[in-house]
Amino acid sequence: MWFFVRDPVRDFPFELSPEPAEGSPPGPWALHRGRKKATGSPVSIFVYDVKPGAEEQTQVAKAAFKRLKTLRHPNILAYIDGLETDKCLHVVTEAVTPLGLYLKTQAEAGASKELELSWGLHQIVKALSFLVNDCSLIHNNVCMAAVFVDRAGEWKLGGLDYMYSAQGNGGAPPHKGIPELEQYDPPELADSSGRAVREKWSADMWRLGCLIWEVFNGPLPRATALRNPGKIPKSLVPHYCELVGANPKVRPNPARFLQNCRAPGGFMNNRFVETNLFLEEIQIKEPAEKQKFFQELSKSLDSFPEDFCRHKVLPQLLTAFEFGSAGAVVLTPLFKVGKFLSAEEYQQKIIPVVVKMFSSTDRAMRIRLLQQMEQFIQYLDEPTVNTQIFPHVVHGFLDTNPAIREQTVKSMLLLAPKLNETNLNVELMKHFARLQAKDEQGPIRCNTTVCLGKIGSYLSASTRHRVLTSAFSRATKDPFAPSRVAGVLGFAATHNLYSMNDCAHKILPVLCGLTVDPEKSVRDQAFKAIRSFLSKLESVSEDPTQLAEVEKDVHAASSPGMGGAAASWAGWAVTGVSSFTSKLIRTHPTAAPGEPNISQRPTPEGLPAPAPTPVPPTPVTPGHWEAQEEDKDTAEDSSATDRWDDEDWGSLEEAESVLARQDNWSTGSQASRVGQTSNPDHKSPESDWSSWEAEGSWEQGWQEPNPQEPPPEGTQLASEYNWGGSEPSDKGDPFADLLARREVGTQPRPDSWGDDNWDGLETESRQVKAELARKKREERRREMEAKRAEKKAAKGPMKLGTRKLD
């Protein structure tokens, strides 16, 4: 009969490298790198080969195996599995690197910092405190070879071979027999008389002093070198001297040593150590403490080690969002840590959390996600964007908070290249049409026009033909001057998407009407665009064979590459307008019922803004860009959750102020709209708006034509003739009085954006609102009369009261 004996080494669920890893510590154990066969996750495997005649050393190795298996502490090497046979011992631990090799690698990369060393030494001292104070054990082998570092940069205490009980019931300390390890023994062990008075931790604290010296100065050549602190930081030197003092009685307890180093000004009193200590106890912290911690964390992450951020901070952030109540406060540090991840890691760890966050109803989380979308959009695939993100993002177009509506519009610049045909050409255009026509905030209408110009190249040919001309034409009629400029620049940025027939019959008539606009900035941009479109028409007229080349993009499919060509046009609107929107929200909140509206007019350029004067409530003109007064009954019935101005959005406005300083277009006439005077140090609005000619975003044929040569001598210009009118008089700017006439006499031309009827859209909306409010008041009046009748019928005729006499 045959018996098959299983090989335990072959059945071991881990496989190890054939050769020991670099930097293996001295001693009987050899360190190998390994991995788990089932998952491939990395591990470290310590291997001891049993040799004949080395029974004492084998017993020491088996004792170390047992100690590591039973001792569990965050700062002691973590045991995973083990194998014990007659020929070898295998101890599997978490993946670690010997401290000596780790410090050498860090020094070569120039990344070694005192912050990391302070926390590493803190961990080793804490492990010694656990052993001596809680377990009454003496490590007896504290040195560089007994310390290991995991992938997060955490220091772990190993080398438990020569550990013994501090109570003396385990016999004499084990004999090492290895000169490299015996040089760390304190001098009192050489006194055979045993007269030296010492504490149970005295020897290990001496060895801790040797470890500190080696961490900052390299390998210890001899014991006498400890007298010179070398590169040890000054804040640590006094405490180091206590450790290597000749008198073992004065060496501090590990717990006392930690307390001394954590005192104000101490070596271990810094933000990095405090952050690690908080993370170790985060599960028992109060929600308010967690909120404050995560708010301050992002400021410190830049100075923290990369491995620490990836492997220790990131899991805590993900856990805090998944199971805690941290909310939007984790977003900023989360995306900051995400920069350290590879594309695959980002896809596995960050993207699932981001997708889940978009379904949240928390307004603060929604707006911060939109603000930081640029950091993660490249990791999102198209199916995820269209099915899991876009359906939640579009709710922002209908939000009552202008800041969220604005950020939602701006986010479309990043989402548009990943949207499918239906979402981009149908759903998004439906929301853009409503925002551009009905939104009460002028900057949001302006940003909608800008965004449409930037994503125009991604639209289908039929949608471009149906939408762009109507949308930009409507923008040129907006009472908000920057919106009119955005409409002109929209035509310019998408010039190659129009046929010559559309340029002549639809675009140029609209632009010519802007040449008498009350705002000089609008007139300037209109003249530039007119000259450019005329130059294009003239070039085709001179050479008709160029028509096919000029109109090659008109009927072409969506061309994502064109988005980069127009990426710089009107960039002022997406950055600068957001800061202006914040000021608008802060200065002009939705009017409370019963409060009169403050009517403001743009002041002429260069003049200080006049103080706003209250006027009696009057009907608001269609498209008026200040916040409009809500109907009293509607305001009373509105839910408190729908009133955005009850929220604290101060932190969001501070973030926008940075963009305002970088690209401040709100000087001049726009500043007067929010009650601010213009700053003479800033550029004029025209210079801040992108020049689509100077930046070279147009083709060569679209450059402004060279000025014409002066006419021959004696030629009289057409402007010098008297065409039968009255004598010229000095009246200043001939367009100064056109604003009032524009508001009273000019009616918007009927346009069509797809199937929507744009004619009189604002007037119709105002009438509908007034009719609804009237009906609501009538219904409420009838309800009150009915209630009074019911009360009267229930109580019967009222009786007169009688006065009681004394």
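Trainee: How many aromatic pairs does the count come to by this rule?

Mentor: The count comes to 15 aromatic pairs, where rings of Phe, Tyr and Trp (its six-membered ring) pair if their centres lie within 6.5 Å, and planes under 30 degrees apart count as stacked, over 60 as edge-to-face and the rest as tilted. This is a predicted model, in which local features need pLDDT of at least 70 and side-chain atom pairs count only at pLDDT 80 or more, whereas totals for chains, interfaces and linings use all residues. Side-chain values use heavy atoms, with hydrogens and water left out, and residues are numbered from 1 along each chain as its sequence is written.

Trainee: What makes Phe-65 and Tyr-79 a pair that is tilted?

Mentor: Their rings lie 6.1 Å apart, centre to centre, with 45° between the planes, and because that angle is neither under 30 degrees nor over 60, the pair counts as tilted. Phe-65 belongs to helix α1 and Tyr-79 to strand β4 (residues 79-84), 14 residues apart, so the pair links distant parts of the chain; helices (H or I, at least four residues) and strands (E, at least two) are DSSP runs, numbered from the N terminus.

Trainee: Why is Phe-65 called buried?

Mentor: Phe-65 is called buried because its relative accessible area is 6%, and buried means under 20%, exposed over 50%, partly exposed in between (1.4 Å probe, protein chains only). Tyr-79 is buried too, because its value is 10%.

Trainee: Why is the pair of Phe-293 and Phe-294 called edge-to-face?

Mentor: The planes of Phe-293 and Phe-294 stand at 65°, with 5.4 Å centre to centre, so the pair falls in the edge-to-face class.
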